[in-house]
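Thanks for asking me to go through this one with you. Here are my notes, point by point, to be read with the structure open.

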Amino acid sequence: MDMRNKQKGGYDVLMDHITVTPEMAERITRNLQKEAASHKKKALHGHMRWVAGIAACAAVAILCIALLPMLQAPDNHPGSLVGIPLPPQHFESLEGALAELTYEAQLPSSMPEGYELSGCMLYEGAMLQLTYTNGENSIVYRTAEGSNDISGEYERYSEETTVENDAGVSIALKGNASGYHSARWTNGGMAYSLHSDVPLSESELLGIVNSVQED
Amino acid sequence: MNTQAIPMPMGMRIIRLLYSMLLRAVALFECESASAKLTVCESPAAMRAENALKQYGNALLRLAFSYLHNIQDAEDALQDALIQYMRKAPEFENEAHEKAWLISVTSNICKNKLRHTKRLREDELSEFIPDEREADDLSFVWQCVKSLPEKYSEVLHLFYYEGYSTAEIAGMLSKNESTVRSLLMRGRSMMKATLEDIYGYEE
């Protein structure tokens, strides 16, 4: 008897027992509708702000025209009302943040001694930010799909270098004479960054970077 | 009798105009609110996700179960995938593309759960297979599949159970096709070794 056929047959039978029951479908459908309703509510909040903004702008414009005729062109920028970025989402748990992602997030499995996870955030539902603190200082880790610079690091440092780890990934390090403050790299279609309040040694920073890589 | 209207002072006209604009804005907002209440249960995004649940629910639940080994977490993963589907509202070329997207997202959600969730528990087969004898028979296969690391079991599930080609699996799991072929080969060898070691099974 062919072993694979035997396994495939048994596995098929096992999997055929796993089905979306009517109760399960009802639970999921109810939660989908709740999610759709909350999404709509958020959109309405945005719409209300938009309507109020337009009304306020119109009122200001009319007052300007009627009461202050010397102001020939009221300063009205409707463009500023659109394109408002979504506020970052804060999560109580890492699990909650990860459930929002559509990609497989690689997280650091190692941090310098004393640092614990203290905050989880999602930007635009796509960039995950984790903050680790030791009570006084913090290390911020970010990851997102793509290869953009997601570090948000605009400070100028005297030391900038690029190193390659054992997996052949290039890592850009920035810091000063006392050590490195940030690391930025891309791997497997994902962008990553780290930022530390206090300077870290190259080996400390690379220790975190290497702990992020997939097994 | 003189019925000619007395012209309204400029200030009054402005106040009246502003008041009517305010009323219009409020009316517009109320209209939107009412429309939102009506469409809560008829949201096109939710309906689209519900259709996906009907069409691909079993396949996605089974995939999630193959990673998480219990129905409750598999249901959560399926729901999370459908919520993402609703939020992202992606456009697809065809149904195959749509299913592949959902498989990819479900797979990533499961991997995230596996790596970073502590509360996962394993179901006994008897929890969802009522026939005790059948559950016993199938535990032979399940123990063998469960013992495989996820990178092998996911490829085996998609190849054998879902019938995808190695190229399609490579696309869904963001791996090279040669890597998928190698994982399939090693997964099969590992299953064979497990069967021989644990159950004394021989070809």
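1. Thr161(A) stands opposite Leu173(A) in β6(A). The two strands concerned, β5 (residues 159-164) and β6 of chain A, run antiparallel and are joined by 6 bridges. Strands here are DSSP E runs of at least two residues, helices are H or I runs of at least four, and both are numbered from the N terminus; strands pair if DSSP finds at least two bridges between them. The hairpin of β5(A) and β6(A) has 5 residues between the strands, and there Gly168(A) takes a positive phi near 80 degrees.

2. Before going further, a word on the ground rules: this is a predicted model, local features need pLDDT of at least 70 and side-chain atom pairs count only at pLDDT 80 or more, while totals for chains, interfaces and linings use all residues. Residues are numbered from 1 along each chain as its sequence is written, with chains lettered from A and ligands numbered from 1 in the order in which they are written.

3. Staying with β6(A), you can follow its other partner too. Strand β7 (residues 179-187) of chain A pairs with β6(A) in the antiparallel sense over 6 bridges, and 2 residues make up the hairpin connection from β6(A) to β7(A). Asn176(A) stands opposite Gly179(A) in β7(A).

4. Which side chains of β6 (residues 170-176) of chain A point to the buried face? They are Ile171(A), Leu173(A) and Gly175(A), whereas Ser170(A), Ala172(A), Lys174(A) and Asn176(A) point to the other face and are not buried. A residue is buried if 20 or more other C-beta atoms lie within 10 Å of its own, exposed if 12 or fewer, and partly exposed in between, with C-beta atoms placed from the backbone.

5. Glu95(A) is worth a look for its links to chain B. This residue belongs to helix α3 (residues 94-98) of chain A and counts as partly exposed because it has 15 C-beta neighbours inside 10 Å. Leaving aside neighbours within four places in sequence, Glu95(A) is in contact with His116(B) and Thr117(B); contact means that the two C-beta atoms, placed from the backbone, lie within 7 Å. Within chain A, Cys120(A) is 25 residues from Glu95(A) in sequence and 9.4 Å away in space, C-alpha to C-alpha.

6. Chain B has 8 helices and 0 strands. Of its 203 residues, 33% count as buried. Among contacts in chain B with a separation of 6 or more, 65% are between residues 24 or more positions apart.

7. The largest nonpolar core has 80 residues, and those touching the most other members are Leu60(B), Ala64(B), Leu78(B), Ala81(B) and Leu82(B). Helix α2 (residues 44-68) of chain B gives the largest share of this core, 12 residues. Such a core is a set of buried Ala, Val, Leu, Ile, Met, Phe, Trp, Tyr and Cys residues joined through C-beta atoms within 7 Å. Beyond four places in sequence, the contacts of Ala64(B) are Ala74(B), Ala77(B), Leu78(B), Thr106(B) and Cys110(B).

8. How far does α2(B) span between its end C-alpha atoms? The answer is only 31 Å, against 36 Å for a straight helix of 25 residues at 1.5 Å a residue, where the expected span is 1.5 Å times one less than the number of residues. At Tyr56(B), α2(B) bends by about 70 degrees; the bend is the angle between axes fitted to the seven residues ending there and the seven starting there.

9. Two backbone angles deserve a glance. His69(B) follows α2(B) and has a positive phi of about 65 degrees although it is not a glycine. Ala89(B), in the loop between α3 and α4 (95-116) of chain B, has a positive phi near 45 degrees. Ala89(B) is exposed, because 11 other C-beta atoms lie within 10 Å.

10. Finally, confidence. The mean pLDDT (the predictor's confidence in each residue, from 0 to 100) of chain B is 81, and 76% of its residues reach 70 or more. Residues 1-6 of chain B stay under 50 and have 0 contacts beyond four places in sequence. Over residues 27-41 of chain B the pLDDT is also below 50, but this stretch has 13 contacts beyond near neighbours in sequence. The model scores ipTM 0.74 and pTM 0.64.
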